[in-house]
Amino acid sequence: MGATGAVGAELLALLDERSFPLKDLTLLASPRSAGTTLTFKGEEIPVQVLGDGSFDGIDLVLASAGGSVSEEWLPKAVAAGAVCIDNSSAYRMDPSVPLVVPEVNPEAARTHQGIIANPNCTTILMALAVWPLHQVNPVQRLVVATYQSASGAGARAMEEVKQQARAILAGEEPVAEAFPYPLAFNLFPHNSPLNEQGYCQEEMKMVNETRKIFGADSLRISATCVRVPVLRAHSEAVNIEFAAPFSPQEAKALLTKAPGVKVVEDWARNYFPMPMEASGQDDVLVGRIRQDISNANALELWLSGDQIRKGAALNAVQIAELLQVPQAVGASY
């Protein structure tokens with residue numbers, strides 16, 4: 001559902017790459033995609049318009065069509081007998097809906113009542129880096145600043161940044177439609193709505209979703225989310241305060257073995273994770289793991305991860321794999 005979007009395209013690629021077991025594939029999208037086809041395993045499959053009867057005979061729905069579409073259609077899919085993995089924010093904080101990162105809380109997938117929520121991209125990337133450390137030395141507080149690429153707003157936003165860059169280099173005025181302001185050669189705080197405390201919706205997603213995934217309602221978290229002129233892959237600067245001192249060497253050793261994480265550090269070259277190198281990768285690149293010089297109980301790290309891949313499509317497919325092989329719940333990836 002949402003087959004023609006940026007995440008939809010990545011979902012198709014991953015289902016093929018990972019040889020996901022399926023007997024039949026239905027591609028659903030909005031009326032503006034009527035008549036188009038998409039290629040899967042060398043076969044041209046027509047895109048169908050989402051509507052009544054779309055879920056007849058369907059076992060599994062991978063949804064990436066936006067919150068309002070999910071709210072309207074996923075209950076109908078569940079009523080038709082399908083299990084739904086939703087990439088929107090519609091059900092993430094619903095107490096009856098598990099919010100799952102397979103490397104962190106795979107057991108939560110077993111508790112579903114028809115819908116499983118895929119967390120926000122920035123939450124997923126941070127969770128992969130923090131969870132292995134939290135298991136050894138409980139985290140008391142997280143302070144994170146995100147550097148979010150255009151891909152977070154979809155394929156149209158990515159193309160808009162390219163057009164803006166060409167316009168600016170040609171001495172022309174850049175046009176902003178996907179974002180409120182030009183993003184090329186610029187940056188600005190995340191453009192989601194602000195609450196009364198001055199935190200935007202994206203920042204509060206990181207706060208609330210991380211608490212739910214970790215099962216830690218009182219975990220102190222503060223986030224600042226920023227749009228940056230990068231096409232694909234988000235980056236984050238994370239300050240982690242633990243219950244007790246935690247050596248950077250031990251943290252690096254743990255993260256080197258952590259599923260879904262690749263440690264990238266070359267201190268002599270000042271070489272650490274970059275979105276250019278994280279793009280297209282399944283793993284979240286983590287590095288620059290260092291002692292916080294202002295707090296003996298805190299470490300700092302830097303990460304880059306593909307927002308479309310692990311931040312969205314790959315996480316959804318991994319959840320689906322848990323459902324395909326129930327005994328895999330609890331296994332490492």
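Which elements cover the buried residues of α5? Let me begin there, keeping in mind that this is a predicted model, and then move on to the annotated residues and the pockets.

What covers the buried residues of α5 includes α3 (121-134) and three strands, namely β7 (139-148), β9 (220-227) and β10 (234-242). The helix α5 has 14 residues, and from its first C-alpha to its last it reaches 20 Å, which is close to the 20 Å expected at 1.5 Å a residue. Its buried residues are E202, E203, K205, M206, V207, E209, T210, I213 and F214, and just after the helix G215 takes a positive phi of about 65°.

Two of the covering elements, α3 and β10, lead us to the next topic, since C121 has its place in helix α3 and H234 is found in strand β10. The UniProt annotation "active site", which comes from an unreviewed entry, covers C121 and H234. They span 114 residues in sequence, yet their C-alpha atoms are no more than 8.4 Å apart, so they gather at one spot.

Are these two residues buried or exposed? C121 has a relative accessibility of 7%, and because buried means under 20%, C121 counts as buried; H234 is buried too, with a relative accessible area of 0%. If we leave aside neighbours within four places in sequence, C121 is in contact with E202, H234, Q307 and G311. With residues up to four places away in sequence again not counted, H234 touches a list of residues that includes C121, T122, Y147, S149, G152 and Q307.

Both C121 and H234 also belong to the lining of the largest pocket, where about 1,000 Å³ of space lies. That pocket is lined by 41 residues, of which S64, A65, G66, G152 and A153 lie nearest its centre, and the elements giving two or more residues to its lining are α1 (6-17), α2 (67-79), α5 (201-214) and α8 (309-324). By class, its lining residues divide into 13 nonpolar, 23 polar and five charged.

The second largest pocket, for its part, has a volume of about 660 Å³ and is lined by 28 residues, with D24, L25, I58, L60 and V61 lying nearest its centre. At least two residues of its lining come from each of α1, β1 (27-29), β4 (60-63) and α8, and the largest share, four residues, is supplied by α1. In this lining there are 19 nonpolar, six polar and three charged residues.

Notes: Residues numbered from 1 in each chain as written. Predicted model: local features only at pLDDT ≥ 70, side-chain atom pairs only at ≥ 80, totals over all residues. Heavy atoms only, no water. 1 Å grid on protein atoms, 1.4 Å probe; cavity = no way out; pocket = protein on both sides within 12 Å on 5 of 7 lines; lining within 4 Å. Points joined across faces, edges and corners; volume = space filled by probe spheres on them. Nonpolar A, V, L, I, M, F, W, Y, C, P; charged D, E, K, R; others polar. Expected span 1.5 Å × (residues − 1). Buried < 20%, exposed > 50% of the residue type's maximum accessible area, 1.4 Å probe, protein only. Contact = heavy atoms within 4.5 Å. UniProt positions renumbered as here; feature names shortened; annotations may be inferred.
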